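Me: Please show me the model, and then let us work through how its sheet and its cores are put together.

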Amino acid sequence: MDLLDLNEVKQLLNDSKKCVIGVSGGIDSISLLHWFAQNRLHFNCEIQAIHVDHGIHPDSNHWAKFVQDECKRVGIPIVSKRVELTGLGNNLEYAARKARYQVFCSSGADTIILAHHANDQCETFLLKLFRGSGIRGLKSMQQVSTCWYDHRIKVVRPMLKSTKTTIEMWAEEQGITGILDPSNHDNRYDRNFLRNKIWPQILDRFGVADVNTMRSIQHIEEAWELTSQLADIDINSVRLSDNSLDWLKTQELGYLRIKNMILRLLGQEEVYSFSVGQVEQFARGLMSANMDNRNQLVTKNLILTKVGKRIVLERVIQKAA
């Protein structure tokens, strides 16, 4: 049994030049590190490990030393950096994540490789579900995606189809150990609560819940692709020569396709922080408007305004602080 399919991972990294593996020291990232060390000659890209010490736990210096020793043992170059979380907000999880990605993205790499696995994916799906996410959110993590912190960098998650059990079995076969982070048992955090309290009961009741949840996520991803394709067709059918949209043709699409089209337009401008309620209100307003109504949707990077027979799209350029 191998941890990953070599040909599939080669395809995921086919255009990468410099890759950094995020290694926390847990069994997942340590296993990923060892797998890449064993298969490094099959890749044309430079491979390096990065460990970020958030300084939260008193043993974090020990964890950093453990990762450094493991990297030295398998012959993978390592950069270990301690970060300061002050000034990154009051949410500790978000601050740590932001600091971590700052380090990743300042490494000069074009690809970040992370050890998220199928159990992480199921947890993410449930978190998105309980937060009322739409299709885009419910498709959860992708094997290849654009980095949220720096869109010039891609994030690859080669273990996303591997279960935690599979990873642990492979690690045991290889004689690999990792660090146990005690914060993973702190159920004040939503993800830990799901992982430690809810998910074991789900698996106990529904033995293949992980497999079926992953299958459902795949169905949602396919639905996302279809709705995106439909939105592109609709946008092109109502777009005018000056890049505005024909309001009368837009009306003919009906409410659901108008809403879908607006969400697609926002996604194309990388606008992800907005009120769905405002989008729905704007879509309904376009349906019921007359020639004189001036409807408007204002978001961070894009403003849509109905003026007469046109819907004008105005891109907002964010000024540097």
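Reply: Two strands pair if DSSP finds at least two bridges between them, and the strands (E, at least two residues), like the helices (H or I, at least four residues), are DSSP runs numbered from the N terminus. This is a predicted model, in which local features need pLDDT of at least 70 and side-chain atom pairs count only at pLDDT 80 or more, while totals for chains, interfaces and linings use all residues. Residues are numbered from 1 along each chain as its sequence is written, and side-chain values use heavy atoms, with hydrogens and water left out.

Me: How many bridges join E1 to E2?

Reply: Strands E1 and E2 run parallel. Within this pair, Cys19 stands opposite Ile47 in E2. The number of bridges joining E1 to E2 is five.

Me: Which strands stand at the edges of the sheet?

Reply: The open sheet has six strands with mixed pairing, in the order E3-E2-E1-E4-E6-E5. Each edge strand has a single partner strand, so one side of it is left without a neighbour in the sheet. The edge strands are E3 (78-82) and E5 (144-146).

Me: Which element gives the most to the largest nonpolar core?

Reply: A nonpolar core is a set of buried (under 20% relative accessible area, 1.4 Å probe, protein chains only) Ala, Val, Leu, Ile, Met, Phe, Trp, Tyr and Cys residues joined through side-chain atoms within 4.5 Å. The largest has 34 residues, and those with the most contacts inside it include Leu32, Trp35 and Phe36. Helix H2 (27-39) is among the elements that each supply at least two residues of this core. With seven residues, the element that gives the most is H2.

Terms used:
Buried < 20%, exposed > 50% of the residue type's maximum accessible area, 1.4 Å probe, protein only.
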